[in-house]
Amino acid sequence: MTILCVRFQLPPAREADLPRLIGMLEEFTPVVQALPPDGALADLRGAERYFGRDAVELASLIRVRSLALYGVDCVIGAGPGPMLARVALRDAVPGVTCAVPEEQDAIAEFLADKPVAALPGVGAATARTLGDYGLDTLGRVAAAPLSTLQRLVGAKAGRELHEKANGVDRGRVVPNAVSRSLATERPFVRDELDSDRHRRALLSAAEEIGARLRALEKVCRTLTLTVRYADRSATTRSRTLAEPTAHSPDLARAAYGMYEALGLQRARVRAIALRAEGLDPADQASHQLTFDPVDEKVRRIEEVADRARAKFGPRAVMPGGLAGLAA
């Protein structure tokens, strides 16, 4: 086992601690890929030789250091590749690292009884399609002819699914920086049914994300919405923006679009979170020119509002729809 998949047990209020936890992992290996909001992949091939310990032993050290330095427990899966480590994470519990063996027969046995949805990248729709044909476990998918899978889910997806179900892990850990994302959350005092209040929370979050991006002179390429429900479950959706932006109205429109696509009907929502990902320097981003004077006017007003908020506080200027919210 050379790859760890670590999920830190961070409450929503402490998601900002993830960069420090990623830094702690980088003390073991420089090859760390952040998986916001609370996880990471770590390639320990060099670390195993350097520390003279295998991945499971290093996982124990990581957990102890996380608890000692930050008071944060974690669950860890280990495997020969990133995909297998992420599958192993599903069976891991705090204090016990779930490890996938390296032998091909043992990998096949480990995967055989897992549901299809245990594979990273397999969504609910694909799992339902396969389940309708009796392919509800990875063992059955692995035994199915490749041509059958390709007819059901498409040529490329069928080939990838067949390989993954047979334990072929072609993924790799791509080092990145967790600072390439910004997140904010709007919890409700009580489980909220009112869709208008949901939209006001989205607007407030989009305004904050936009202001923070502009203060850092960054733009984002992707916006992720997470809706947390009263039963502790959550739904996450991501949208790639038409162009990288830090413009709050553009972020709000994208957030509204993702929210409306969920089709929530009297859902009891506990919190709504937005995350801006794929951050790049604003001076390197392209912007589609427009002949609409309204758009240019709005952007100039936004610049003035940012200066006012910097001088008089974040609530000095705000959209009218947020004026009645408590400070």
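This passage describes a four-stranded sheet, the helix packed on it and the nonpolar cores of a predicted model.

In the predicted model, an open sheet is built from four strands in the order β6-β9-β7-β8, with antiparallel pairing. Because β6 (181–192) and β8 (234–245) each have a single partner strand, they form the edges of the sheet, and one side of each is left without a neighbour there. From one strand to the next, the twist averages 15 degrees. Within this arrangement, β7 (residues 218–229) and β9 (residues 269–281) run antiparallel and are joined by 11 bridges, and L225 is placed opposite L274 of β9. Helix α10 (residues 195–216) packs on the sheet and touches β6, β7, β8 and β9, its direction making about 155 degrees with that of β6.

Nonpolar side chains in soluble globular proteins tend to be buried together. In the present model, the largest nonpolar core comprises 32 residues, and those with the most contacts inside it are L202, L213, L223, L225, L251 and L274. Two or more residues are given to this core by each of β6, α10, β7, α11 (248–262) and β9, and the largest share, eight residues, comes from α11. The surroundings of L251 can be described in detail: when residues up to four places away in sequence are not counted, L251 touches A206, I209, G210, L213, C220, L223, L241, T245 and A246. Apart from this core lies another, of 30 residues, including I107, V122, L135 and V141.

Technical notes. Residues are numbered from 1 along each chain as its sequence is written. This is a predicted model: local features need pLDDT of at least 70, side-chain atom pairs count only at pLDDT 80 or more; totals for chains, interfaces and linings use all residues. Side-chain values use heavy atoms; hydrogens and water are left out. Two strands pair if DSSP finds at least two bridges between them. Axes are lines fitted to C-alpha atoms, for helices over the stretch in contact, and angles run from 0 to 180 degrees between N-to-C directions. Contact means heavy atoms within 4.5 Å. A nonpolar core is a set of buried Ala, Val, Leu, Ile, Met, Phe, Trp, Tyr and Cys residues joined through side-chain atoms within 4.5 Å. Buried means under 20% relative accessible area, exposed over 50%, partly exposed in between (1.4 Å probe, protein chains only).
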